[in-house]
Amino acid sequence: MQMISFKNDALEMSRLIYGVWRLADDADTSPAHIVRKVETCLDQGITTFDHADIYGGYVCEKLFGDALNGRDDLKKKMQIITKCDIMLTGKPYPERRVKYYDTSAAHINASVENSLKRIGVDVIDMVLIHRPDPMMDHHETGAALDALVDAGRVRGIGVSNFMPWDIDLLQSAMKHPILTNQIEINILEHAPFTNGQIAKAQQAAMPIMAWSSLAGGRLFDASDEAAKRVLPRLKEIAAEQNVAADAVAVAWLLAHPAQIMPVMGTNNIDRIAKISDAMNVKIDRETWFELWTLAEGHEVP
């Protein structure tokens with residue numbers, strides 16, 4: 001498995017990332033089953049695991065941590081990402097009236113401490129601000145994030161769903177570099193290629209993490225017009241290279257020079273075991289644009 005280095009020189013992460021956001025949705029959330037998923041990832045060299053405090057209604061981090069309790073042999077092989085700033089309503093916070101964002105120092109510090117406890121690690125490899133906060137005090141937020149790195153609680157800082165100007169604002173108040181932007185991007189979602197998100201990342205030597213890298217199941221929705229255009233060609237390429245169509249869709253992201261790191265979130269063990277097939281798929285430039293054209297329904301200008 002290819003490893004990706006970040007510009008703080010303190011971190012390396014696997015090119016393919018396993019996302020745990022659906023961990024609580026599985027019919028089997030037992031520690032043994034979760035460990036099996038982790039081991040299936042590690043066996044392929046997928047060593048990076050993507051969390052957020054809110055996943056599963058604030059339960060996925062604990063499910064993961066409980067499963068790995070006493071398994072330092074597994075923990076030492078992995079890198080942990082988590083996110084904060086989204087404040088959900090409902091359980092376990094019935095007192096909240098609305099969903100909102102909180103990038104205050106107090107919340108960031110509390111969230112990181114809670115994530116450390118729930119996951120059961122001493123250091124989080126990367127903490128991301130989950131969504132741009134319209135009320136962010138970038139000086140307060142930046143100082144809090146810098147302090148977490150300085151204290152050794154986290155190794156690096158990233159963001160998620162940020163536009164270039166959001167990154168510039170937060171980075172202007174930080175001494176440590178923002179290392180990644182995790183954004184929605186897939187073979188059906190092309191906006192980041194033209195809205196400045198990927199251009200900003202390339203200019204800043206900032207590898208991109210791609211959430212919803214298979215379009216959240218939309219790619220296999222028979223009623224979706226773009227999927228109906230793209231999927232037959234994906235299947236042809238898959239048959240030629242002896243992989244499944246989803247591996248080709250992921251390889252389309254991998255082919256881009258921005259060092260896109262797809263986040264994969266299936267609960268199916270057999271599908272987890274095949275995630276790394278995408279690393280072996282070859283997508284040349286013309287094929288890349290062919291798939292783009294099919295998804296868009298028209299040629300590039």
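# Questions on a predicted model

User: How many of the residues of α11 are buried?

Analyst: Helix α11 is mostly covered. Helices here are DSSP runs of H or I with at least four residues, strands are runs of E with at least two, and both are numbered from the N terminus. Buried means under 20% relative accessible area, exposed means over 50%, and partly exposed lies in between (1.4 Å probe, protein chains only). In α11 the buried count is ten of its ten residues.

User: What kind of model is this, and which pLDDT do local features need?

Analyst: Residues are numbered from 1 along each chain as its sequence is written, and side-chain values use heavy atoms, with hydrogens and water left out. This is a predicted model in which totals for chains, interfaces and linings use all residues, side-chain atom pairs count only at pLDDT 80 or more, and local features need pLDDT of at least 70.

User: Which elements do the buried residues of α11 pack against?

Analyst: The buried residues of α11 include D246, W252 and L254. Contact means heavy atoms within 4.5 Å. The buried residues of α11 pack against α8 (191-194), β11, α10, β12, α12 (269-272) and α13 (285-296).

User: Which strands form the closed barrel, and in what order?

Analyst: Two strands count as paired if DSSP finds at least two bridges between them. The pairing in the closed barrel is parallel, and the twist averages 30 degrees from one strand to the next. The eight strands run β3-β4-β5-β8-β9-β10-β11-β12.

User: How many bridges join β8 and β9?

Analyst: Along this part of the barrel, β4 (residues 48-50) and β5 (residues 79-84) pair in the parallel sense over three bridges, with T48 facing Q79 of β5. Four bridges then join β5 to β8, also parallel, and K83 stands opposite L128 in β8. Between β8 and β9, M126 stands opposite G156 and I124 has V154 as its bridge partner. The parallel pairing of β8 and β9 runs over five bridges.

User: Why is β8 described as largely enclosed?

Analyst: Its partner β9 is mostly covered, with six of its seven residues buried. Strand β8 is largely enclosed by the rest of the structure because its buried residues number six of the six.

User: At what angle does α6 run to β9?

Analyst: Axes are lines fitted to C-alpha atoms, for helices over the stretch in contact, and angles between N-to-C directions run from 0 to 180 degrees. Helix α6 (residues 138-150) lies across β8 (124-129) and β9 (154-160). Its angle to β9 is about 150 degrees.

User: Is V154 buried or exposed?

Analyst: V154 sits in strand β9. Leaving out residues up to four places away in sequence, V154 touches V112, V123, I124, V127, L148 and V149. Its relative accessibility is 2%, so V154 counts as buried.

User: Which residues of α5 make the contact with α3?

Analyst: The axes of α3 (residues 60-67) and α5 (residues 105-119) come within 7 Å and cross at roughly 40 degrees. From α3 the contact takes E61, K62, F64, G65 and D66, and from α5 it takes S115, R118 and I119.

User: Which residues lie nearest the centre of the largest pocket?

Analyst: On a 1 Å grid over the protein atoms alone, a pocket is an open set of points where a 1.4 Å probe fits, with protein on both sides within 12 Å along at least five of seven lines; lining residues have an atom within 4 Å of a point. Grid points are joined across faces, edges and corners, and the volume is the space filled by probe spheres set on the points, here about 570 Å³. Of the 32 lining residues, those nearest the centre are W21, R22, V263, M264 and G265.

User: Which element gives the largest share of that lining?

Analyst: Two elements give two or more residues to the lining, namely α11 (245-254) and β12 (260-264). The largest share is three residues, and it comes from α11.

User: Is N242 buried or exposed?

Analyst: N242 lies in the loop between α10 and α11 and has a positive phi of about 60 degrees although it is not a glycine. With a relative accessible area of 71%, N242 is exposed.

User: What is the omega of the peptide bond from K91 to P92?

Analyst: P92 is in the loop between β6 (86-87) and β7 (100-101). The bond from K91 to P92 is cis, with omega near -5 degrees.
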